[in-house]
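Visitor: I should like to take a close look at one part of this structure and then see how that part connects to the rest. Please begin with a single residue and work outward from there.

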Amino acid sequence: MNRIQNKSILVTGASAGIGAACAKRLAADGARLVLWARRRDRLDEIKARLAAEFGVTIDVDAVDVRDRAAVGAAVERMSAVPDVIVNNAGLAAGLDNLHEGDPDDWDRMIDTNIKGLLNVSRAILPAMVERNSGHVVNIGSIAGHVVYPKGNVYNATKFAVRALTEGMNIDLLGTKIRVSTVDPGACDTEFSLVRFHGDEKRASTVYDGFTPLGAEDVADVLRILGPIRAELKLHHDPRGHADGERQAENLAEELARPNVDFIVAPPTVPFEDHDQPGQPDRQRREQKMKPDG
Ligand SMILES: NC(=O)c1ccc[n+]([C@@H]2O[C@H](COP(=O)([O-])OP(=O)(O)OC[C@H]3O[C@@H](n4cnc5c(N)ncnc54)[C@H](OP(=O)(O)O)[C@@H]3O)[C@@H](O)[C@H]2O)c1
C-alpha cells in the first residue's frame with residue numbers, strides 16, 4: 001500500500017492547472033479527495049472523470065478561499081478532518097511596475113494567495129492539532145525566493161507563503177503536524193491567462209524560448225511529500241526559554257521516528273543571537289538538536 005492510499009486530502013484551487021493535476025495524481029494513488037474552487041462546473045466534471053477512472057471518493061465544494069465565512073461553512077460540511085491540506089488556490093493578476101499597478105489586482109493576489117491560505121489553514125489546523133496529526137502543503141513559488149521585474153506584489157505574496165510556512169512550522173513544533181512548501185518555477189497552466197486578464201495572445205508568448213514545467217511535474221513532487229514522508233523544518237525557539245527546551249525534547253523524539261525522512265533548513269536564528277555562551281539551556285539544546293548539522 002502506498003502512503004497516499006485512503007488518506008483524506010483537501011486540494012484548494014482544484015478546478016485547473018496544478019490543483020487539478022494534483023487531484024488526478026492523488027486519485028490515482030487512492031486518496032479520498034475534497035476539491036475546492038469557485039467554478040463548480042469544472043469541479044463536477046473533474047470529479048466524474050476521476051471517480052470513473054480511479055474509483056475513489058471525491059467531494060467537491062464551490063468555495064472562494066477569500067471568503068472566510070464560506071471557508072468556515074465548507075469545513076463544517078466536510079465529513080472528516082483531512083489528513084492533508086494542499087493550499088494551492090492562487091493567482092497572479094497583472095504584470096506592471098509597482099507605480100503603475102492596479103490596486104484591484106493587488107487585492108486579488110493578497111486576498112487569495114495570503115489571506116485565502118490563512119483562512120483555510122486557520123479553519124482546519126485546530127482539528128489537526130487536536131488530533132495531533134496532519135500535513136499542510138503550501139504551493140508557493142520560485143517567485144517567493146527571487147523577485148523578478150514587475151512581479152512586485154505577486155512576489156510579495158509568495159514570499160509571504162514561504163514566511164507563513166516557516167511560521168506554521170515553528171508554531172506547530174512539538175506536534176506531529178508537518179508544514180511544507182512546494183515552490184515551482186514557470187508552469188504551463190491557466191496562470192498566464194489569468195495574469196493577463198484573459199488576453200490569450202499575450203499569455204501564449206510567456207513560455208517562448210524555454211520549456212516550462214507541466215502541472216503534472218508539480219503534482220509528482222506532491223506525491224513524493226505525501227502525508228507521512230514529510231519535510232521537517234527544525235527551528236530554534238527564538239525566545240530561548242523553557243518552552244523551547246521542551247520543544248527540543250519533542251524534536252529529539254521526532255527525529256528518532258522512522259517516518260521523518262528529510263531534514264532541511266537549519267535553525268533560522270543562530271543560537272548566539274539569543275543565548276549567552278556557556279548557559280546550560282543552550283548547551284542542552286545544542287546537544288539535542290545536533291542531527292540538524
Ligand atoms: N503556473 C505557474 O507558473 C506557477 C508557478 C509557481 C507557482 N504557481 C502557483 O500554483 C498555484 C496554482 O496555479 P496554477 O498555475 O495551477 O494556475 P491556474 O491554472 O490558473 O489554477 C488556479 C486555481 O486556483 C483557483 N482559484 C483562484 N482563485 C481562487 C479563489 N479565490 N478561491 C478558490 N480557488 C481559487 C482556480 O479555480 P477557480 O477559478 O475555479 O476558483 C484554479 O483552480 C497558485 O498558487 C500559483 O501561484 C504557479
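Guide: In this predicted model, Ala 74 counts as buried because 22 other C-beta atoms lie within 10 Å of its own, where 20 or more are required. The residue belongs to helix H3, which spans residues 68-77. Setting aside neighbours within four places in sequence, Ala 74 is in contact with Trp 36, Asp 61 and Val 63. Ala 62 is 12 residues away from Ala 74 along the chain, and the C-alpha atoms of the two are separated by 8.5 Å.

Two of these contact partners lead into the sheet. Trp 36 stands opposite Asp 61 in strand S3, and both of these residues are in contact with Ala 74. The strands concerned, S2 and S3, run parallel and are joined by five bridges. Between S2 and S3 the chain passes through helix H2 (residues 40-54), in a β-α-β crossover that is right-handed.

Strand S2 itself, residues 32-37, deserves attention. Six of its six residues are buried, so the strand is largely enclosed by the rest of the structure. The covering extends to both faces: Arg 32, Val 34 and Trp 36 are buried on one side, and Leu 33, Leu 35 and Ala 37 are buried on the other. Trp 36, the contact partner of Ala 74, is thus one of the residues on a covered face of S2.

On to the next pairing of S2. S1 and S2 are parallel and share five bridges. Within this pairing, Leu 10 stands opposite Val 34, and Ile 9 stands opposite Leu 33. The route from S1 to S2 goes by way of helix H1 (residues 17-28), and this β-α-β crossover is likewise right-handed.

Strand S1 is mostly covered, with four of its five residues buried. S1 occupies residues 8-12 and also pairs with strand S4 (residues 84-87), in the parallel sense and over three bridges. Ile 9, which faces Leu 33 in S2, stands opposite Val 84 in S4. Val 11 has Val 86 as its bridge partner in S4.

These pairings belong to a wider arrangement. Six strands form an open sheet with parallel pairing, in the order S3-S2-S1-S4-S5-S6. Strand S3 (58-62) and strand S6 (177-182) each have a single partner strand and stand at the edges, so one side of each is left without a neighbour in the sheet. From one strand to the next, the twist averages 15 degrees. Helix H4, residues 103-131, lies across S1, S4, S5 (134-139) and S6, and runs at about 165 degrees to S4.

The helices also bring the ligand into view. It is surrounded by 32 residues, of which the closest are Gly 13, Gly 17, Arg 38, Arg 39 and Gly 90. H1, H4 and helix H6 (191-195) are the elements that give two or more residues to this shell. The largest share, three residues, comes from H1, the helix that also carries the chain from S1 to S2. By residue class, the shell divides into 15 nonpolar, 11 polar and six charged residues.

Gly 17, among the closest residues to the ligand, leads to a distant part of the sequence. Asp 188 is 171 residues from Gly 17 along the chain, yet their C-alpha atoms are 7.8 Å apart in space. Asp 188 is placed in strand S7, residues 187-188. This residue counts as partly exposed because 15 C-beta neighbours lie inside 10 Å; Ala 74, by contrast, is buried. Apart from neighbours within four places in sequence, the contacts of Asp 188 are Tyr 207, Pro 212 and Gly 214.

A view of the whole chain completes the account. The protein chain contains 11 helices and 10 strands, and 38% of its 293 residues count as buried. Among contacts between residues at least 6 apart in sequence, 74% join residues at least 24 apart. The contact of Ala 74 with Trp 36 links helix H3 to the enclosed strand S2, the starting point for the path traced here.

Definitions and conventions: Residues numbered from 1 in each chain as written. Predicted model: local features only at pLDDT ≥ 70, side-chain atom pairs only at ≥ 80, totals over all residues. Buried ≥ 20, exposed ≤ 12 C-beta atoms within 10 Å, placed from the backbone. Contact = placed C-beta atoms within 7 Å. Pairing = 2+ DSSP bridges. Axes fitted to C-alpha atoms, helices over the stretch in contact; angles between N-to-C directions. Right-handed = clockwise from strand over helix to strand, strands pointing away. Near = placed C-beta within 6 Å. Nonpolar A, V, L, I, M, F, W, Y, C, P; charged D, E, K, R; others polar.
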